[in-house]
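Student: I'd like to learn how to read a pair of packed helices. Can you walk me through one?

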Amino acid sequence: MITTNDLFRRAAAVVLALTVTATATATAGPAQAADHAGLRQVMDRLTGPDGAPGALAEVNDRDGRLVLTSGVADVRTGAPVNPRSRFRIGSLTKPFVATVTLQLVGEGRIELDAPVERYLPGVVRGADNDGREITVRQLLQHTSGIPDVLRHLTPMEILKDPLRHWEARELVDIALQHPRDFTPGEKWGYSNTNYLLIGMIIEKVTGRPYGEEVHQRVIVPLGLHGTFVPGDAPGIPGPHLRGYVRPESELVDITRLNPSVAGSAGGMISSASDVNRFLAALLRGRLLKPAQMQEMLNARPTGRRSGSKYGLGLEWLPGKDSSACEDGYWGHDGDMLGFSVTSGATMDGRQATFMVNLNPGGGPNLDDAKDQAVPTALCEN
């Protein structure tokens, strides 16, 4: 989830020494893959000083597919990164959940501008938070003002019992003990609590957990064979990297984790190939009707990054000064304990997803490399 790294830095000391590095290697790609010097530099930085043990990237364009790996999947065995690896995608879960919600809007089962109270009566109460004053749209767009649960549940607390089950209502109630960040609709403020509530709304409307709806409505139709909504299952099925945190000077393996602590805000597992396929299908209009697609892409400024805007589950970022990216790109980041992912796609059919198997515990060089990864892939190559 998107704020975990910052929270962990406040909870524990970060040591900037990396234990394992390796040279980036291409495992597949279009004919001109050898010319992607910028991407190779990004990969080297992702696993360089203060970086992660391993990194994986997949870039798709009209010329084909390029997959790059760097470092190791397992620091104990030194195993290389499998290009087909699955990993926890954290807040990249949100575009999947937003897509299901907008499908339900298109079916007349959810109304975007209806109050949350209509679907979850009495749930959003506490301090000055009130579901009668907050709409479904505001949850999806992070304009509700509801505080982020991750400001009040630190990674150190989660690491004490990583296999514990968490109920969505339990996590929501932790957040609602605290005053709202702003009047609903007044500002933009990222909050994982918003999407925990969206997952609860999906279940209330359909009678099924959000994960079943994501599976039937998105995963199955697109054939995303490496994508899962794991519920309480602590493992990662199929080929995968080990996930690490660095609370002090040593790496700690946190691969086995109960993802219910993230739930509909960040609990999914996927692969770089599947994430790219999902974003491509979404932006091509394969998953949403035109009216709901327009709602998703109706974005407002975030103030979080220079020029960025947030729609309903997707963030728009301006491209670099490049004709290849003059209209910017859509995507989302995803941080979950053990993994950090960033992904983006252009409207003309290019996608890029990058993953590292360390979160939190990296330093500023790693953060900068992650920020540059997708723009480099989509706008410079």
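**Two helices side by side**

Tutor: Two packed helices are described by the angle between their axes and the distance between the axes. Here helix H2 (residues 37-46) packs against helix H12 (residues 364-379) at about 155°, and the axes are 9 Å apart. Axes are lines fitted to C-alpha atoms, for helices over the stretch in contact, and angles run from 0 to 180 degrees between N-to-C directions. Helices are DSSP runs of H or I with at least four residues, strands are E runs of at least two, and both are numbered from the N terminus.

This is a predicted model: local features need pLDDT of at least 70, side-chain atom pairs count only at pLDDT 80 or more, and totals for chains, interfaces and linings use all residues. Residues are numbered from 1 along each chain as its sequence is written, and side-chain values use heavy atoms, leaving out hydrogens and water.

Student: Which way do H2 and H12 run relative to each other?

Tutor: H2 and H12 are roughly antiparallel, a label for angles over 145 degrees.

Student: Which residues of H2 and H12 make the contact?

Tutor: Contact means heavy atoms within 4.5 Å. H2 brings Gly38, Leu39, Val42, Arg45 and Leu46, while H12 offers residues including Asn365, Leu366, Asp368 and Lys370.

Student: What about a loop residue, such as Gly349?

Tutor: Look for partners distant in sequence. Gly349 sits in the loop between strand E15 (339-345) and strand E16 (351-356). Leaving out residues up to four places away in sequence, Gly349 touches Asn60 and Asp61. Gly349 and Asn60 are 289 residues apart in sequence, yet 8.1 Å apart in space, C-alpha to C-alpha.

Conventions. Parallel < 35°, antiparallel > 145°, perpendicular 65-115°, else oblique.
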